[in-house]
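This report concerns the pockets, the cavity and some local backbone features of one protein model. The sequence and the structure are shown first.

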Amino acid sequence: MVDPVGASSAERLAARLWQARAARRLIAMSDFPAPPDLAEAYALQSSATRASGARVVGWKVGAGDPALQERFGLPGPFVGPLLEGLVHDSGAVLAPMPGAALECELTLRIGRDLAAGEGAEDAMLLAAVDAVVPSFEVIGRRFEGEPDGQGARLVADGGINVEAVMGRPVPFDAAAGWPGITATLSADGAVVAEGTPEGAGLMPPAVLLRWLLDQPPVADCGLRAGDLVMTGTLTGVLPLSPGMKVAADFGVLGVVEASIGPAI
């Protein structure tokens, strides 16, 4: 691996993180110094995003569960970017990655630009959402070792997003908020988990968008028309393995499917 000429140590680390993500491999924790705080973690995350050369097409919210926040040593949820080329349509065949897992999520699609600090009223925020999308997020860290107490590394590591799979967008009903649905997740034809937005403790859509607009690096750029916002898992975390086929039935919102390719 060749580091960029003249790059700072932070830029070199950002490039290594992106290269590990692109190659679906892990790097030693000793080669990934922990950022001293979340501000530095988000700065490293942004540098790795720039190193990718990919356009940011949305954001994911992670660690919404207080138990996970305590496990990772985080003060609250975190944010990670969704990158163009790593968001696929339903039915995608995904390359395997060591330690990858799947989350079954509701994704909001933004219909008009929202600047940081804009839309204090719930109605303004909800009016900016044009669709809700049944979806999968594939998560996985790029460093070896356990994630316990490694919240700053998880944030710097792209919010541990690997890629995402999107089903068919359905018009968003601002008056209803979260649709009253149960997501049923199946692996290789067998039901493995069920969940609802309420049972998963998802923030209400307006609360989530207001919070998101205050988080780095979203506060710097706001949300743009067409952006996707992945809101957190409804069904826990499903470890993935080569050859697995997964599907989630979101009732009136439809079905999203994906499969994992063979081991490389």
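The text below treats the open pockets, then the enclosed cavity and helix H1, and finally single residues.

The model is predicted, so local features need pLDDT of at least 70 and side-chain atom pairs count only at pLDDT 80 or more, while totals for chains, interfaces and linings use all residues. Residues are numbered from 1 along each chain as its sequence is written, and side-chain values use heavy atoms, with hydrogens and water left out.

## Pockets and cavity

Pockets and cavities were located on a 1 Å grid over the protein atoms alone. A cavity is a set of points where a 1.4 Å probe fits but cannot get out, and a pocket is an open set with protein on both sides within 12 Å along at least five of seven lines; lining residues have an atom within 4 Å of a point. Grid points are joined across faces, edges and corners, and a volume is the space filled by probe spheres set on the points. For the linings, Ala, Val, Leu, Ile, Met, Phe, Trp, Tyr, Cys and Pro count as nonpolar, Asp, Glu, Lys and Arg as charged, and the others, Gly among them, as polar.

| Space | Volume | Nonpolar lining residues | Polar lining residues | Charged lining residues |
|---|---|---|---|---|
| Largest pocket | about 690 Å³ | 16 | nine | seven |
| Second largest pocket | about 230 Å³ | eight | two | three |
| Largest cavity | about 100 Å³ | six | three | three |

The largest pocket has a volume of about 690 Å³. It is lined by 32 residues, of which Ala63, Leu68, Glu103, Ile139 and Val237 are the closest to its centre. Secondary structure elements are DSSP runs numbered from the N terminus, with helices (H or I) of at least four residues and strands (E) of at least two. Strands E1 (56-62), E5 (101-110), E6 (129-139) and E11 (228-233), together with helix H3 (66-72), each supply at least two residues of the lining of the largest pocket.

The second largest pocket holds about 230 Å³ of space. Its lining comprises 13 residues, and Ser9, Ala10, Leu13, Glu40 and Leu44 are the closest to its centre. At least two lining residues come from each of helix H1 (9-23) and helix H2 (38-52); H1 gives the most, with five residues.

There is one cavity of 30 Å³ or more. Residues lining the largest cavity include Leu17, Trp18 and Arg21, as well as Gln45, Ala48, Thr49, Pro81 and Leu83. H1, H2 and E2 each contribute at least two residues to the lining of this cavity.

## Helix H1

H1 has 15 residues and spans 21 Å from its first C-alpha to its last, close to the 21 Å expected at 1.5 Å a residue; the expected span is 1.5 Å times one less than the number of residues. Accessibility is classed with a 1.4 Å probe on protein chains only: buried means under 20% relative accessible area, exposed over 50%, and partly exposed in between. In H1 the buried residues are Leu13, Ala14, Ala15, Leu17, Trp18, Ala20 and Arg21. These buried residues pack against H2, strand E2 (78-83), helix H5 (151-156) and strand E7 (161-166), where contact means heavy atoms within 4.5 Å. Arginine 24 follows H1 and has a positive phi, near 55°.

## Single residues

Alanine 63, named above among the residues closest to the centre of the largest pocket, lies in the loop between E1 and H3. Its phi is positive, about 55°, although it is not a glycine. Alanine 63 counts as buried because its relative accessibility is 11%. Aspartate 188, in the loop between strand E9 (183-187) and E10, also has a positive phi, near 50°. Aspartate 188 has a relative accessible area of 53% and is therefore exposed.

Alanine 190 is placed in strand E10 (residues 190-195) and is partly exposed, at 39% relative accessible area. Its C-alpha atom is separated by 9.6 Å from that of alanine 247, which is 57 residues away along the chain.

A cis peptide bond, with omega about -5°, joins proline 216 and proline 217. Proline 217 is in the loop between helix H7 (205-213) and helix H8 (218-221).

The structure holds zero disulfides, a disulfide being a pair of cysteine sulfur atoms within 2.5 Å. Cysteine 104 is buried, at 0% relative accessibility, whereas cysteine 221 is partly exposed, with a relative accessible area of 39%.
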